[in-house]
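Subject: Structure handover

Hello,

Here is the structure I said I would pass on. My notes on what was found in it come after it.

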Amino acid sequence: MGILREDVVVISPAEKAGDPTVISVNCPDKTGLGCDLCRIVLHFGLSIARGDFSTDGKWCYIVLWVDGKTNTRWDLLEKRLLEVCPSYFSTSGIDYYRPANQQPKRLDVYLLKFWCSCVRKELLHDITLVLFDLELTIKRVKVSTTPDGKVMDLFFITDTSCEIESAGEEITACSQGTSFLPSAITEDMFSLELPAPHPGGLLASDPISVTVDNSLSPSHTLIQILCQDHKGLIYDTMRTLKDYNIQVSYGRFFANRRGGCELDLFIVQADGKKIIDRNKQNALCSRLRMELFRPLRVAVVSRGPDTELLVANPVELSGRGRPLVFHDITLALKNLNIQIFSVEIGRHMICDREWEVYRILLDEGDSHHVSRNMIEEGVRKLLMGWE
């Protein structure tokens with residue numbers, strides 16, 4: 001007896017226009033599985049409208065109601081979800097998330113060269129969209145424009161599905177980007193301080209409530225979250241719990257039409273026990289508030305005489321970055337009719353955390369006809385799904 005492979009992930013199409021697509025996952029459990037599944041859903045550009053998680057400690061059942069797109073590749077989504085599910089042949093024990101085993105396989109870096117005899121402001125986003133459809137991950141981009149208007153773009157990419165020539169050690173080293181960030185940027189962008197709460201414990205600009213309750217369950221700690229919805233909210237919650245090596249035994253998520261979200265998560269630590277220590281409770285709640293309040297950092301600054309857009313997102317302890325960030329940045333700048341002059345993508349250790357930082361130098365002429373506040377707001381709204 002056992003569950004068939006085709007029953008591990010089941011995707012049920014929407015019954016009528018406007019209804020969500022239902023994704024069911026039925027497989028052995030592991031700490032961090034919810035994070036891995038939600039990252040893939042986010043990578044495919046889908047938003048989770050509702051979710052239920054349950055496990056007995058060895059086997060889990062997860063249901064996600066997602067708002068799909070007409071061009072969603074559901075067969076490929078099913079394949080990618082299956083890849084992160086633990087083996088369905090054995091339920092002998094839970095595959096707990098251990099730091100020693102969390103690093104993904106190191107991928108080769110490849111170089112894609114693109115030449116064009118004309119300049120189009122939407123060109124970089126269009127190329128990015130094609131690479132996304134091909135499941136290629138962009139590690140770094142170098143954009144060059146010659147005085148006669150010709151363009152050469154260098155894309156440093158990783159891939160696991162097709163055979164292309166390796167970029168070589170020298171080019172791979174160049175793809176790491178600069179290790180230097182101005183101190184003013186690191187102090188302002190990466191501060192871990194939240195604005196002072198108003199009476200009642202809510203933040204003025206973006207109400208977030210994270211509370212702990214140990215009275216409702218003899219064996220689990222209940223985390224209740226009330227906040228504004230944003231793209232990847234469930235992923236941000238699950239990656240935070242995964243980094244803390246915390247397992248969700250039962251969870252419920254619901255997003256209402258007014259843009260608010262409610263999450264109830266019954267959790268246990270790696271030892272299978274509830275969280276009793278007050279310091280651990282406070283640290284977890286504080287981290288969740290910060291991750292949901294500022295899952296990404298966006299700023300527009302001066303870089304000498306030029307204007308630079310900076311976007312940063314935290315990297316999981318597993319080494320994985322946030323999906324679709326560069327895709328959304330280029331789309332936002334395309335919508336603002338702003339051309340990109342150069343791009344640097346690198347990882348930096350700041351405040352004892354690893355960050356993926358995107359430094360986009362904007363075209364001098366375009367950056368003057370749109371205010372910095374409009375650029376920052378436009379990019380942030382699209383990244384957060386508020387456009």
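**Helices H1 and H2**

Helix H1, residues 33-43, packs with helix H2, residues 74-84, at an angle of about 160°, and their axes are 10 Å apart. Please keep in mind that this is a predicted model. An angle over 145 degrees counts as roughly antiparallel, and H1 and H2 are therefore roughly antiparallel to each other. The crossing in which H1 passes H2 is right-handed.

Which residues meet where H1 and H2 touch? From H1 they are Leu33, Asp36, Leu37 and Ile40, and from H2 they are Leu77, Arg80, Leu81 and Val84. The residues of this contact of H1 with H2 divide into 6 nonpolar and 2 charged, with no polar ones.

**The sheet of 8 strands**

There is an open sheet of 8 strands, with antiparallel pairing and the order S1-S2-S4-S3-S10-S11-S9-S8. At its edges are strand S1 (9-12) and strand S8 (208-213), each of which pairs on one side only. From one strand to the next, the twist averages 15°.

Helix H1 also packs on this sheet, where it touches strand S2 (21-28), strand S3 (47-55) and strand S4 (59-67). The direction of H1 makes about 25° with that of S4. Another helix, H7 (residues 278-293), lies across S8, strand S9 (221-228) and S11. H7 runs at about 155° to S8.

Some details of the strands follow, starting from the S1 edge.

- In S1 the side chains alternate: Val9 and Ile11 are buried and point to one face, while Val10 and Ser12 point to the other face and are not buried.
- S1 and S2 run antiparallel and are joined by 4 bridges. Val10 of S1 has Ser24 in S2 opposite.
- S2 is mostly covered, with 6 of its 8 residues buried.
- S2 and S4 also run antiparallel, joined by 8 bridges. Here Ser24 stands opposite Val63 in S4. Ser24 in S2 thus appears in both pairings, facing Val10 and Val63.
- Strand S10 (residues 247-255) pairs with strand S11 (residues 260-268) in the antiparallel sense, over 8 bridges. Phe254 has Glu262 in S11 as its bridge partner.

**The sheet of 3 strands**

How many strands does the other open sheet have, and in what order? It has 3 strands, in the order S5-S7-S6, and the pairing is antiparallel. The edge strands here are S5 (110-116) and S6 (137-145), and each pairs on one side only. The twist of this sheet averages 15° from one strand to the next.

S5 pairs with strand S7 (residues 151-158) in the antiparallel sense, over 7 bridges. Within that pair, the bridge partner of Leu111 is Phe156 in S7.

Helix H3 (residues 123-133) packs on the sheet and touches S5, S6 and S7. The direction of H3 makes about 30° with that of S7.

**To start with**

When you open the model, you could begin at H1, which packs with H2 and also packs on the sheet through S2, S3 and S4. From there you can go to H7 across S8, S9 and S11, and then to H3 on S5, S6 and S7.

Regards

Definitions and conventions
Residues numbered from 1 in each chain as written. Predicted model: local features only at pLDDT ≥ 70, side-chain atom pairs only at ≥ 80, totals over all residues. Heavy atoms only, no water. Axes fitted to C-alpha atoms, helices over the stretch in contact; angles between N-to-C directions. Helix = DSSP H or I, 4+ residues; strand = E, 2+ residues; numbered from the N terminus. Parallel < 35°, antiparallel > 145°, perpendicular 65-115°, else oblique. Left-handed = near helix turned anticlockwise from the far one by under 90°. Contact = heavy atoms within 4.5 Å. Nonpolar A, V, L, I, M, F, W, Y, C, P; charged D, E, K, R; others polar. Pairing = 2+ DSSP bridges. Buried < 20%, exposed > 50% of the residue type's maximum accessible area, 1.4 Å probe, protein only.
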